[in-house]
Amino acid sequence: MSKILVVDDQEYVRLLYSEELRVAGYDVTTAEGGNKLLERIEVEKPDLVILDIKMVDCNGLDILQDIRNDYYDLPVILSTAYDTFKEDMKSIAADFYVVKSFDLTELKNKIAMALETNLSA
């Protein structure tokens, strides 16, 4: 069972993603921000991270750079309410980019693609 770490400052998003992804067969943990996220990754060893970009305590794009520096092969999906961040050069370091929606079909598809790519690498 693949382990997914959902990082989002909005509780309802963490709850929605957790519930839907558990039903889809994933082991899910959550974090409400980027504080000590690298330490959490080290301890929990997720197979994939879903990372919000605009959080109260931090910028997800900066955290993405930190993740890439320490965990280069860890798949990261940027999840945001704003599609304008696709133009930000920092977002290119993510494996996938998904605009938040209550329909998680696209997110689930990207998760499957990222995990499959990572397993075959």
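**Figure 1. K45, in the loop between helix 2 and strand 3.** Start your tour of this predicted model at residue K45, which sits in the loop that leads from helix 2 to strand 3. Is K45 buried or exposed? With a relative accessibility of 52%, K45 counts as exposed, because the cut-off for that word is over 50%. The backbone of K45 deserves a look too: its phi is positive, about 50°, although K45 is not a glycine. Most residues other than glycine have a negative phi.

**Figure 2. K36, in the loop between strand 2 and helix 2.** Now move to the loop between strand 2 and helix 2 (37-44), where you will find K36. What is the phi of K36? Its value is positive, about 60°, and K36 is not a glycine. K36 has a relative accessibility of 57% and so counts as exposed, the cut-off being over 50%.

**Figure 3. The whole protein, with four helices and five strands.** Let us step back for a moment. Along the sequence, the elements follow the pattern β-α-β-α-β-α-β-β-α. The protein has 121 residues, and 44% of them count as buried. About 6,800 Å² of the protein is exposed, with carbon and sulfur atoms supplying 50% of that area. Among contacts with a separation of 6 or more, 63% are between residues 24 or more positions apart.

**Figure 4. An open sheet of five strands.** In what order do the strands lie in the sheet? The order is 2-1-3-4-5, and the pairing is parallel. Strand 2 (27-31) and strand 5 (96-99) stand at the edges; each has a single partner strand, so one side of each has no neighbour in the sheet. From one strand to the next, the twist averages 20°. Helix 1 (residues 11-23) packs on this sheet and touches strand 1 (3-7), strand 2, strand 3 and strand 4. The direction of helix 1 makes about 170° with that of strand 2. As a reminder from class, strands of a sheet pair through backbone hydrogen bonds, either parallel or antiparallel.

**Figure 5. Strand 4 and its partners, strand 3 and strand 5.** Four bridges join strand 3 (residues 48-52) to strand 4 (residues 76-80), and these two strands run parallel. To find your way along this pair, look for L51, whose bridge partner in strand 4 is L78, and for D52, which stands opposite S79. Strand 4 is also joined to strand 5 by four bridges, again in parallel; here T80 stands opposite V99. How many residues of strand 4 are buried? Five of its five residues are. V76, L78 and T80 point one way, while I77 and S79 point the other way. Strand 3, helix 3 (residues 60-70) and strand 4 together make a right-handed β-α-β unit.

**Figure 6. L48, a buried residue in strand 3.** L48 belongs to strand 3. Its relative accessibility is 0%, so L48 counts as buried, the cut-off being under 20%. Which residues does L48 contact, leaving aside its neighbours within four places in sequence? They are K3, I4, L5, L74, P75, I77, I111, A114 and L115. Look for V6 as well: L48 and V6 are 42 residues apart along the chain, and their C-alpha atoms are separated by 8.7 Å.

**Figure 7. Y26, in the loop between helix 1 and strand 2.** Y26 has a relative accessible area of 16% and is therefore buried, since the cut-off is under 20%. Not counting residues up to four places away in sequence, Y26 touches M1, S2, I4, L21, I111, A112 and L115. Y26 and K3 lie 23 residues apart along the chain, with 6.0 Å separating their C-alpha atoms.

**Figure 8. D8, in the loop between strand 1 and helix 1.** Our last stop is D8, which is buried, with a relative accessible area of 1%. What does the side chain of D8 reach at 2.8 Å? The answer is the backbone nitrogen of Q10. Leaving out residues up to four places away in sequence, D8 touches V13, R14, A31, E32, D52, M55 and K100. You have met D52 already: this residue stands opposite S79 in strand 4.

Note on methods. Residues numbered from 1 in each chain as written. Predicted model: local features only at pLDDT ≥ 70, side-chain atom pairs only at ≥ 80, totals over all residues. Heavy atoms only, no water. Pairing = 2+ DSSP bridges. Axes fitted to C-alpha atoms, helices over the stretch in contact; angles between N-to-C directions. Contact = heavy atoms within 4.5 Å. Buried < 20%, exposed > 50% of the residue type's maximum accessible area, 1.4 Å probe, protein only. Polar contact = N/O pair within 3.5 Å; in protein donor to acceptor, adjacent residues only side chain to side chain. Areas by Shrake-Rupley, 256 points an atom, 1.4 Å probe, with all protein chains shown as cover. Right-handed = clockwise from strand over helix to strand, strands pointing away.
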